[in-house]
Structure formats: C-alpha cells, structure tokens
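Please open the model in your viewer and keep the selection panel at hand. The tour below goes from one selection to the next and says what is found at each stop.

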Amino acid sequence: MSDSAATGEPIPTVPEVSSTHPLASGCGGSSRVESFQMMAWRWDITTAKKLTRNRAAEVRIEPNEWAGMLRLVAINREHAAQVDLSVPLIMATVPNGGMLIIDGWHRLYKALTTEVSELYAVVLTAEEELACRMHGGEKGQGCIV
C-alpha cells in the first residue's frame, strides 16, 4: 500500500517526474538530467537551474494559492522535510497555460505543512523556458524516457 493510500490522501494521477533520467542530445545517451513533467510537457531542470543560478528571486509565491496543484504532483514527504525553503522556486510561463512551478514542489509542500506564508521564485524568460522544454508544445513528440 502506498503512503497516499495509507493516509487516506488522494493518489496523484499525474506524477511529478523530478528525477534523474539518462538523456543526451540524440536521446538515450549517458548524460543525466533532472526533469519535471506535468501532463504532456517536460522540462530539463538541470538546465533551468544553470540558467537561474545566481539570479535573484523575482516573484513572491503564496503557497496556499498553489495548494490545489499538489494533488497533481507526487511528493516524497521525507525529501520535503529536508528541503531548503530559502532556495527560490523556478517558474515558467507555459504557452497558452499561464505560470507553472517547474522546480520547487517539495518546497511548496514543506511551506504549506510548516505554515510558511511565502516563498520566492525565479521566472524563466520565454527563450529560457523553450531551451529547457524537452517535450510539449512546439517541441512535439521528442524523446520521453
């Protein structure tokens, strides 16, 4: 029985793919990247972190406003307990879809469970979002692993 079933909380129907996958420029190589997937969209979080390293947070996030989205994301509670809430989330503007957190769901969960009222985020530019997007929108079918 999973943690979600044991606690009576809903089991996410769309898992967060915030893990390491083997990928390379031609797909299926030996490089390792951290990625996040929401529905048919996937982003390279390793690249997003490189692009936003040393960038000051640009927006303030109120965790309660994002709480409903957590049912779409698989959260490892043990990992969430260890995350650093001072690290800014990374957000992207999804074409025709608005803003989306692509890195930081465990921080959001921890903020909600510890009653932290705000987090900060860095927002990828349109060019950066497209550079990080592995699949979805005009990126077509690409490689999904």
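## Starting at the sheet

Select β5 and β7 to begin: these two strands pair in the parallel sense, over three bridges. The model is a predicted one, which is worth keeping in mind at each stop. Within this pairing, look for Leu89, whose bridge partner in β7 is Ala121.

Keep β7 selected and add β4 (59–61). Three bridges join β4 to β7, and here the two strands run antiparallel. Ile61 has Leu119 of β7 as its bridge partner. Before leaving β7, colour the strand by accessibility: four of its five residues are buried, so β7 is largely enclosed by the rest of the structure.

Now go to the other pairing of β5, and add β6 to the selection. Five bridges join β5 to β6, and the two strands run antiparallel. Met91 stands opposite Ile101, which belongs to β6.

With these strands displayed together, the arrangement can be read as an open sheet of four strands in the order β4-β7-β5-β6, with mixed pairing. β4 and β6 stand at the edges and have a single partner strand each, so one side of each is left without a neighbour in the sheet. From one strand to the next, the twist averages 45 degrees.

## Helices against the sheet

Which strands of the sheet does α2 touch? Select α2 together with the sheet, and α2 is found packing on it through β5, β6 and β7, with a direction that makes about 100 degrees with that of β6. Then select α5, which packs on the sheet as well, touching β5, β6 and β7, and whose direction makes about 95 degrees with that of β6.

Stay with α5 and ask how many of its nine residues are buried. Seven of them are, so the helix is largely enclosed by the rest of the structure. The buried residues are Trp105, His106, Arg107, Leu108, Tyr109, Lys110 and Ala111, a list in which Arg107 and Lys110 may be worth displaying as side chains. To see what covers these residues, show β2, α3 (63–66), α4 (77–82), β5, β6 and β7, which are included in the cover. Just after α5, select Glu115, which takes a positive phi of about 60 degrees.

## The aromatic residues

Next, hide the backbone and display the aromatic rings. A search of the whole structure finds four aromatic pairs. One of them is formed by Trp41 and Trp43, which are stacked, at 6.1 Å centre to centre and with 15 degrees between the planes. Trp41 is buried with a relative accessible area of 19%, a value to be read against the cut-off of under 20%, whereas Trp43 is buried with 0%.

Another pair consists of Trp66 and Trp105, which meet edge-to-face at 6.2 Å centre to centre, with 70 degrees between the planes. Trp66 lies in helix α3 and Trp105 in helix α5, so this pair ties together parts that are 39 residues apart in sequence. Trp66 is buried, at a relative accessible area of 13%, and Trp105 also counts as buried, at 0%. Selecting Phe36, Trp41, Trp43, Trp66 and Trp105 together displays a cluster that is linked by ring pairs.

## The nonpolar core

Now select the largest nonpolar core, which has 28 residues. Phe36, Trp43, Leu100, Ile102 and Trp105 touch the most other members. The elements that give two or more residues to this core are β2 (32–38), β3 (41–44), α2 (45–52), β5 (89–94), β6 (98–103), α5 (105–113) and β7 (119–123). Of these elements, β5 gives the most, with five residues.

## Zooming out

Finally, show the whole protein chain, whose secondary structure comes to six helices and eight strands. Along the sequence, these follow the pattern α-β-β-β-α-β-α-α-β-β-α-β-α-β. Of the chain's 145 residues, 37% count as buried. Among the contacts with a separation of 6 or more, 67% are accounted for by residues 24 or more positions apart. With the surface switched on, the accessible area comes to about 8100 Å², of which 52% belongs to carbon and sulfur atoms.

Methods:
Residues numbered from 1 in each chain as written. Predicted model: local features only at pLDDT ≥ 70, side-chain atom pairs only at ≥ 80, totals over all residues. Heavy atoms only, no water. Core = buried A, V, L, I, M, F, W, Y, C linked by side-chain atoms within 4.5 Å. Buried < 20%, exposed > 50% of the residue type's maximum accessible area, 1.4 Å probe, protein only. Contact = heavy atoms within 4.5 Å. Areas by Shrake-Rupley, 256 points an atom, 1.4 Å probe, with all protein chains shown as cover. Phe/Tyr/Trp six-rings, centres within 6.5 Å; stacked < 30°, edge-to-face > 60°. Pairing = 2+ DSSP bridges. Axes fitted to C-alpha atoms, helices over the stretch in contact; angles between N-to-C directions.
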